[in-house]
Amino acid sequence: MAVATTRNGERFSGIVRNEDNFSVQLQTADGAFHFLSRSDLKRLEYQSKPAMPTNYGEKLDRKELDDLVNYIVSVGRKAKPDAASEDQDLREEDFQ
């Protein structure tokens, strides 16, 4: 996480997705990418706190935590629908 302040006063807070000696690419919470030239920046501050909470056990009860994990697993399965079947096919071929 970082906060970038441009010379004209604009502030962008987000995840650093790419950076080099000349530019920084931030992705803000709304999903937008911002390409910022270092020469246009007044300040770039890296944040030490994580983007996600670290105390889920204190904030969520057991049912809510189970629901969260189930949701994350289901999204992962939808993102790669053929990956599981491809892995299975490879394993079966290895044993034939």
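In the predicted model, Ser23 lies in strand β3, which covers residues 23-28. The relative accessibility of Ser23 is 9%, and the residue therefore counts as buried, the cut-off for this class being under 20%. When neighbours within four places in sequence are set aside, the contacts of Ser23 are Asn18, Phe35, Leu36, Ser37 and Arg38.

One of these contacts of Ser23, Arg38, also takes part in a salt bridge. The side chain of Arg38 meets that of Glu19 with an N to O distance of 2.6 Å. This pair connects distant parts of the chain, 19 residues apart: Arg38 belongs to the loop between β4 (33-37) and β5 (41-46), whereas Glu19 belongs to strand β2 (residues 11-19). Arg38 is partly exposed, with a relative accessibility of 28%. Glu19 is likewise assigned as partly exposed, at 36%.

In total, two salt bridges are counted in the model. Besides the pair formed by Arg38 and Glu19, a salt bridge joins Asp67 to Lys63, with 3.0 Å between the closest N and O atoms. Both Asp67 and Lys63 are placed in helix α2 (residues 62-79), where a spacing of four residues corresponds to about one turn of the helix. Asp67 has a relative accessibility of 38% and so counts as partly exposed. Lys63, by contrast, is exposed, because its relative accessible area of 56% lies over the 50% cut-off.

Helix α2 also contains Val69, a partly exposed residue with a relative accessible area of 45%. Together with Leu65 and Val73, Val69 makes a nonpolar surface patch of about 210 Å².

The secondary structure of the protein consists of three helices and five strands. Along the sequence these elements follow the pattern β-β-β-β-β-α-α-α. The five strands form an open sheet in the order β4-β3-β2-β1-β5, with antiparallel pairing. Strands β4 and β5 stand at the edges; each has a single partner strand, so one side of each is left without a neighbour in the sheet. From one strand to the next, the twist averages 40°.

Within this sheet, β3 and β4 pair in the antiparallel sense over five bridges. In this pairing, Gln27 stands opposite Phe33 in β4. The two strands β3 and β4 form a hairpin in which four residues separate them, and Gly31 in the turn adopts a positive phi of about 90°. Ser23 thus belongs to a strand of this hairpin, and its contacts include Phe35, Leu36 and Ser37.

Strand β1 (residues 2-6) pairs with β2, again in the antiparallel sense, over four bridges. Here Ala2 is positioned opposite Gly14 in β2. Val16 is also located in β2. With a relative accessibility of 23%, Val16 counts as partly exposed, because the value is not under the 20% required of a buried residue. Not counting residues up to four places away in sequence, Val16 touches Ala2, Val24, Gln25, Leu26 and Tyr46. Between Val16 and His34, which are 18 residues apart along the chain, the C-alpha atoms are separated by 9.7 Å.

For the protein as a whole, buried residues make up 15% of the 96 residues; Ser23 is one of the residues that count as buried. Among contacts with a separation of 6 or more, 33% involve residues 24 or more positions apart. The accessible surface of the protein comes to about 8000 Å², and carbon and sulfur atoms contribute 50% of this area.

Terms used: Residues numbered from 1 in each chain as written. Predicted model: local features only at pLDDT ≥ 70, side-chain atom pairs only at ≥ 80, totals over all residues. Heavy atoms only, no water. Buried < 20%, exposed > 50% of the residue type's maximum accessible area, 1.4 Å probe, protein only. Contact = heavy atoms within 4.5 Å. Salt bridge = Lys/Arg side-chain N within 4 Å of Asp/Glu carboxyl O. Areas by Shrake-Rupley, 256 points an atom, 1.4 Å probe, with all protein chains shown as cover. Pairing = 2+ DSSP bridges. Axes fitted to C-alpha atoms, helices over the stretch in contact; angles between N-to-C directions. Patch = residues over 30% accessible without salt bridge, like charges linked within 9 Å, V, L, I, M, F, W, Y side chains within 5 Å.
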